[in-house]
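Me: I'd like to learn how to read strands, crossovers and cores in a model. Can you walk me through one?

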Amino acid sequence: MFENLGDRLQNAVNKIRGYGKITEDNISDVTREIRLALLEADVNYKVVKEFISNVKEKSLGEEVNKSLKPGEQFVKILKDELVELLGGEKKDIYISGNPSILMLVGLQGSGKTTTIGKLALLLRKKYKKNPLLVACDVYRPAAIDQLKTIGKELNIEVYDEGKNNPIEIAKNAIKYAKEKKFNYVLIDTAGRLHIDEELMNELKNINESVNPNEILLVLDSMVGQDAVNVIEGFNSELPLTGAILTKLDGDTRGGAALSIRHLTHVPIKFVGTSEKMDGLDEFYPDRMATRILGMGDIMTMIEKAEEVIDEDEAKKLLKGWNRVNSI
Ligand SMILES: Nc1nc2c(ncn2[C@@H]2O[C@H](COP(=O)(O)OP(=O)(O)OP(=O)(O)O)[C@@H](O)[C@H]2O)c(=O)[nH]1
Ligand SMILES: [Mg+2]
């Protein structure tokens with residue numbers, strides 16, 4: 001993912017690296033290339049327009065940072081704007097409930113059941129949680145068995161009541177989790193080909209009955225631009241706390257990842273990167289931006305320059321402090 005975008009952005013950036021000065025003239029060539037690269041990566045055109053205008057404005061208006069060459073400063077602005085576009089700070093998953101309750105929702109085949117397993121594994125490994133999986137997809141014939149197989153592979157218990165009412169199952173599962181001291185409950189729900197009223201009502205009822213701390217929408221990144229419509233469809237009915245983009249390992253242009261946050265304000269919390277149970281990463285906007293720009297060497301240089309700036313700032317502060325103290 002993002003390989004093409006990364007290559008094209010790097011080409012654009014290489015051009016500007018050598019410039020001694022950034023002007024309206026020499027920057028427009030480069031921003032045009034960046035704009036095309038983003039559009040080709042399937043980023044929403046409104047998002048692209050705003051992004052380019054921000055980058056332009058900042059790079060022309062920015063105070064000259066003595067430690068960076070103009071081209072490097074441009075790269076820094078580009079990276080910072082990309083981080084913002086991807087959501088800024090990393091948004092953590094809720095972990096402090098006893099039990100914490102999480103529900104995964106999404107269209108059919110988006111990766112909910114697989115992701116439940118991956119999340120449970122991550123919560124156990126990284127956050128030392130004791131998770132319980134709950135089978136609330138009672139419609140697809142093999143859904144319960146699929147979750148049980150995952151549970152068995154990970155040695156994590158699955159709560160199911162066969163084809164009982166999903167709302168009852170969810171409520172009973174929470175009771176069971178409290179009794180048996182599970183501190184994280186992950187609810188798998190049924191998917192549909194399209195967002196329909198029946199599915200939404202069921203999800204709303206589960207939400208009202210168990211009041212989850214997290215409702216995460218699982219999205220297949222292959223849906224591209226349509227991701228925004230899917231999120232809006234779910235978000236107007238359910239208070240989503242985040243999204244998980246799956247199948248980023250596939251042949252996707254990645255534009256959805258870059259458009260979602262800006263257009264819907266729903267943060268991406270995780271990304272799925274393989275079919276395997278360890279194929280789930282927490283989403284760090286900063287790391288993703290660096291990966292997209294693929295410029296380890298430039299980034300290191302920029303970070304060093306920033307440290308120098310910080311030192312300068314610190315010295316200034318210290319001077320002021322000494323002055324105050326000596327009065
Ligand atoms: N390559 C890849 N495959 C994935 C990823 N996440 C899920 N899959 C695959 O996508 C397919 C569908 O996954 P499921 O977990 O069954 O999806 P679901 O949303 O539960 O589907 P329904 O219950 O039918 O709505 C499976 O073959 C998974 O192995 C991912 O991040 N990368
Ligand atoms: Mg499923």
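Reply: Sure, and let's begin with a crossover. It counts as right-handed if, with the strands pointing away from the viewer, the path from the first strand over the helix to the second runs clockwise. Here strand S5, helix H9 (residues 226-235) and strand S6 form a right-handed β-α-β unit. Helices (H or I, at least four residues) and strands (E, at least two) are DSSP runs, numbered from the N terminus. One caveat: this is a predicted model, where local features need pLDDT of at least 70 and side-chain atom pairs count only at pLDDT 80 or more, while totals for chains, interfaces and linings use all residues. Residues are numbered from 1 along each chain as its sequence is written.

Me: Which strands does S5 pair with?

Reply: Pairing takes at least two DSSP bridges between two strands. S5 runs parallel to S1 (residues 100-105), with four bridges joining them, and Leu-102 sits opposite Glu-214 of S5. S5 also pairs in the parallel sense with S6 (residues 242-246), over five bridges; there Leu-217 has Ala-243 as its bridge partner.

Me: Is S5 (residues 214-220) mostly covered or mostly open?

Reply: Buried means 20 or more other C-beta atoms, placed from the backbone, within 10 Å of a residue's own (exposed: 12 or fewer; partly exposed: in between). In S5, six of the seven residues are buried.

Me: And how many residues does the largest nonpolar core have?

Reply: A nonpolar core joins buried Ala, Val, Leu, Ile, Met, Phe, Trp, Tyr and Cys residues through C-beta atoms within 7 Å. The largest one has 89 residues, and Leu-133 and Ala-243 are among those with the most contacts inside it. Helix H4 (residues 70-85) gives this core its largest share, six residues.

Technical notes:
Chains lettered and ligands numbered in written order.
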